Amino acid sequence: MAELHQSLPGYRPTLLRTDFPGLVQRWCARQVAVKIENDRWGLPSFKVVGASWALVRALRDHLPADWAPDAGLPALKGRLTGVSLLAASEGNHGEALAYLARLLELDCRVFVSNEVPDHVRSRICAQGAEVIVVPGTYDDAVAASAAAVTEDRVLVSDTSWSGYEDVPQAVAVGYSTILRECSEQLTSTSAPVPDLVVVPLGVGALASAVIDHFARIGSDPVVVGVEPSAAACVMAAISADRIVSLTGPLESRLSGLNCGTTSMVAWPSLRAGLDAVVALDDDEGVAGSVLAEQMKLHVGPCSGAALAAADALLKHPARRAVLGLPEQPSVLILATDGRPAPATDAPTYPQEAQNV
Ligand SMILES: Cc1ncc(COP(=O)(O)O)c(C=O)c1O
């Protein structure tokens, strides 16, 4: 998989910053590290690392016999005639898949809920994909994308359900590149292994990759997820001890995280390894973004939410104690998105793509 990611033109590990004396003091921490996913192949989120590996899995019946992942995705350019790609998205996964489709010269259709803001739809269109707006929530968009599958219209979903598991599983495996980079970057600066990892939650695939990665390297940090109160599907699953589907509307300013159902393949890892979930209201998320700016972190709302959740936990001795953190924990925050373009700069979203 490392070869596949490195085959994508312009691959380089994203930044891991540890220069946060203000946060170290504020949180009484030994170290604060932030992995900044605001520029993956020029896109403002981490999603291409999952979508690219999942694409290989999804295309397995269409791949030329002489191609293997270490040949790289660009070697498939122009060799998959007649195939097109489908996904549902809260924004970032769709943009990532559209980017990959463009690289491979494939058509791509991305299904989004009508709750997804115009500027997010525009980013997907800007990668050359057709955006199909579905009335309802993210779950409705997922259902519409699954219903559009044919032999040549291949679904690359980052969420899973009974009978559709291997591609989303590959998405989470793809995310392990982020964690591998993190571990290498921490080791190369002799930084301590994290005691606390904070990760934003949509359907939970990224958090499951975090949990699986640290288990694989024999480390057991406290893993905390953060999601919008308006779409707290992982918290609902943990409370019910089973996956539940939230009904809409699931709108919050945490664009990317407004999901109603935890991914089936992520659930076992989340159930076993997620130590706490913080659900944030919009104003708390905004406060996190302000804190990010103060730290000169040019990141998006999901990253701001991760900072806000860390702040809410680490400033309270009782919460630190409940989580069993050491006196001066080493903290790793996954800042999963970049700062959204200002509304005035947003390209116009084409009218014809708005029809279901
Ligand atoms: C920016 C951002 N952060 C975090 C997540 C959460 O990832 P997951 O859906 O795997 O939980 C998403 C999901 O789309 C996202 O777009």
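Two residues are in contact when heavy atoms of one lie within 4.5 Å of heavy atoms of the other. With that in mind, open this predicted model and select Leu73, which, leaving aside neighbours within four places in sequence, is in contact with Leu4, Ser7, Leu8, Ser52, Val56, Trp67, Leu100, Leu103 and Leu104.

Next, add Leu85 and Tyr175 to the selection, since these two and Leu73 touch the most other members of the largest nonpolar core, which has 87 residues. This core draws at least three residues from each of domain 1 (2–44 + 174–335) and domain 2 (48–167). Apart from it lies another core, of 36 residues, and you can find it by selecting Ile36, Val299, Val331 and Ile333, which are among its members.

Now move to helix H5, residues 118–126, where Val120, Arg121, Ser122, Ile124 and Cys125 are buried. Show helix H4 (92–104), strand S4 (107–113) and strand S5 (130–134) as well, for they are included in what covers those buried residues. After H5 comes Gly128, with a positive phi near 95°.

Stay with H5 and select Arg123 together with Glu95, whose side chains meet in a salt bridge at 2.8 Å, N to O. Arg123 lies in helix H5 and Glu95 in helix H4, so the pair ties together parts that are 28 residues apart in sequence. Arg123 is partly exposed at 21% relative accessibility, whereas Glu95, at 6%, is buried.

Finally, select Arg26 and Asp311, which form a salt bridge with their closest N and O atoms 2.8 Å apart. Because Arg26 sits in helix H2 (residues 21–26) and Asp311 in helix H12 (residues 301–314), this pair ties together parts that are 285 residues apart in sequence.

Notes. Residues are numbered from 1 along each chain as its sequence is written. This is a predicted model: local features need pLDDT of at least 70, side-chain atom pairs count only at pLDDT 80 or more; totals for chains, interfaces and linings use all residues. Side-chain values use heavy atoms; hydrogens and water are left out. Buried means under 20% relative accessible area, exposed over 50%, partly exposed in between (1.4 Å probe, protein chains only). Helices (H or I, at least four residues) and strands (E, at least two) are DSSP runs, numbered from the N terminus. A nonpolar core is a set of buried Ala, Val, Leu, Ile, Met, Phe, Trp, Tyr and Cys residues joined through side-chain atoms within 4.5 Å. Domain bounds come from an automatic or database domain assignment. A salt bridge is a side-chain nitrogen of Lys or Arg within 4 Å of a carboxyl oxygen of Asp or Glu.
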